[in-house]
Amino acid sequence: MNKAELVAKVAQGCGLTKVAAERALQTVLSAIENEVAAGGEVTIVGFGAFRGVTRAARAARNPRTGAFVEIPSRTVPTFAPGKGFKDKVVGWKRN
C-alpha cells in the first residue's frame, strides 16, 4: 500500500474527502517526525512506539582500499511494534 492508497482508505473510513484525509495523515506524520527529531518518543498504545536510537561511533573498513574509516555516532529513527500489532500480524492472540 502506498500513501495514495492509505489516504483513500482513511477518507473512506472516516467519511472525509481525500484532501482532508491527506492533510490529516500528513499532520500525524509530521508530528511523529518532529517529536522523534527533538529526541522524544511517540507511543500509540496497541500499535507501537517511534523513537530515536543513538548508534555509537565505530571503525569500519573500506572494502575497496582496505583502509579503516571512522564512522561517527548518529541517531536513527526506529519503530517498535506494540503487542496488538504483533498479534495481528502473527495471526494469533496470546493468553
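This passage describes the largest pocket of a predicted model and the packing of two of its helices.

The largest pocket encloses about 150 Å³ of space. Its lining is formed by Leu 25, Val 28, Leu 29, Ile 32, Ile 44, Phe 47 and Phe 50. By class, 7 nonpolar residues make up this lining, with no polar and no charged residues present. Helix α2, which spans residues 18-37, provides the largest share of the lining, namely 4 residues. With respect to the domains, residues of both domain 1 (1-36) and domain 2 (38-94) contribute to the lining, and the largest pocket therefore lies between the two.

Helix α2 is also paired with helix α1, which covers residues 3-14; the axes of these two helices come within 8 Å and cross at roughly 110°. Because angles of 65 to 115 degrees count as roughly perpendicular, α1 is assigned as roughly perpendicular to α2. The crossing in which α1 passes α2 is right-handed. Helix α2 is thus described both by its share of the pocket lining and by its crossing with α1.

Key: Residues are numbered from 1 along each chain as its sequence is written. This is a predicted model: local features need pLDDT of at least 70, side-chain atom pairs count only at pLDDT 80 or more; totals for chains, interfaces and linings use all residues. Side-chain values use heavy atoms; hydrogens and water are left out. On a 1 Å grid over the protein atoms alone, a cavity is a set of points where a 1.4 Å probe fits but cannot get out, and a pocket is an open set with protein on both sides within 12 Å along at least five of seven lines; lining residues have an atom within 4 Å of a point. Grid points are joined across faces, edges and corners, and a volume is the space filled by probe spheres set on the points. Ala, Val, Leu, Ile, Met, Phe, Trp, Tyr, Cys and Pro count as nonpolar, Asp, Glu, Lys and Arg as charged, and the others, Gly among them, as polar. Domain bounds come from an automatic or database domain assignment. Axes are lines fitted to C-alpha atoms, for helices over the stretch in contact, and angles run from 0 to 180 degrees between N-to-C directions. Angles under 35 degrees count as roughly parallel, over 145 as roughly antiparallel, 65 to 115 as roughly perpendicular and the rest as oblique. A crossing is left-handed if the near helix is turned anticlockwise from the far one by less than a right angle, and right-handed if clockwise.
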